[in-house]
Amino acid sequence: MVDFPPAVVPRWLKLAFTLWILIWAPSYVVLLGAQNFFWLCNVASFLLLVALWAEHRTLMSMQWLAVSLVGGLWTLDVAVAALTGVHPIGGTEYMFDPEHPPMARAMSLYHVVLPLVAGIGVAKLGYKRRALLWQTLLTWVVVPLTYFFTEAERNINWVHGPFGQTQETLDPLLYLFLLTLLWPLVVYLPVHLLMIGWQRWRY
């Protein structure tokens, strides 16, 4: 008889997130089309589901890098805009666009939830330093694919301009190269360094 180690991540979290994915993924296909899954946060949703059930430390750490800072800034931008009408960061204007499907806007609130789920996972499993490398490599694959296989007007992953706006200052491919290069440095590295400091303090 095989003696399996006890689960570390709470089963209720695994089941709840699985139910969410089963509702969210088909709904997004109907409302926004399959191209929407090229968003790095949407890629993270699927990988986070795998990480939860497999209790894979590296994969969980990768998703923490992917969603913690982005989700926090997204939440801040929406909250401030809801209270003041001003977007301090930008990129969430669609949440207040009446032409954007209301259901799609409501489901976009998963940006608030993903950091919480990934945070619980990392707290239970621990943070793996190599996650920075693997998440960077994943980003270097997904971002160029987004540019070549999604509609320009969607500006998914901001491959045609920052904060949802089209840029015309740089050559499009040069901008894409810089975006692919800088994304891990600006988004992932600060969180990675914070986690390294947290590990040193904890242990």
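A polar contact is a pair of N or O atoms within 3.5 Å, where, within protein, one atom must be able to donate a hydrogen and the other to accept it. With that in hand, two parts of this predicted model can be toured: the loop residue Thr150 and helix H1.

Thr150 sits in the loop that joins helix H6 (131-149) to helix H7 (172-202). A polar atom of the Thr150 side chain lies 2.5 Å from the backbone oxygen of Thr146. Because buried means under 20% relative accessible area, Thr150, at 10% relative accessibility, counts as buried. Leaving aside residues up to four places away in sequence, Thr150 touches Gln35, Phe38, Leu145 and Ile156.

The other stop is helix H1, which covers residues 11-32 and contains 22 residues. From its first C-alpha to its last, H1 reaches 31 Å, close to the 32 Å expected at 1.5 Å a residue. Buried along H1 are Leu13, Lys14, Phe17, Ile21, Trp24, Ala25, Tyr28 and Leu32. Viewed down the axis of H1, these buried residues fall within an arc of 110°, so they line one face of the helix. The general pattern helps here: an α-helix has 3.6 residues a turn, so residues three or four places apart point the same way.

The buried residues of H1 pack against three partners, namely helix H2 (40-54), helix H4 (102-107) and helix H5 (110-125). On the other side of H1, the exposed residues are Arg11, Trp12, Leu19, Leu22 and Val30. Just after H1 comes Gly33, with a positive phi of about 90°.

Terms used:
Residues numbered from 1 in each chain as written. Predicted model: local features only at pLDDT ≥ 70, side-chain atom pairs only at ≥ 80, totals over all residues. Heavy atoms only, no water. Helix = DSSP H or I, 4+ residues; strand = E, 2+ residues; numbered from the N terminus. Expected span 1.5 Å × (residues − 1). Buried < 20%, exposed > 50% of the residue type's maximum accessible area, 1.4 Å probe, protein only. Arc of directions from axis to C-beta. Contact = heavy atoms within 4.5 Å.
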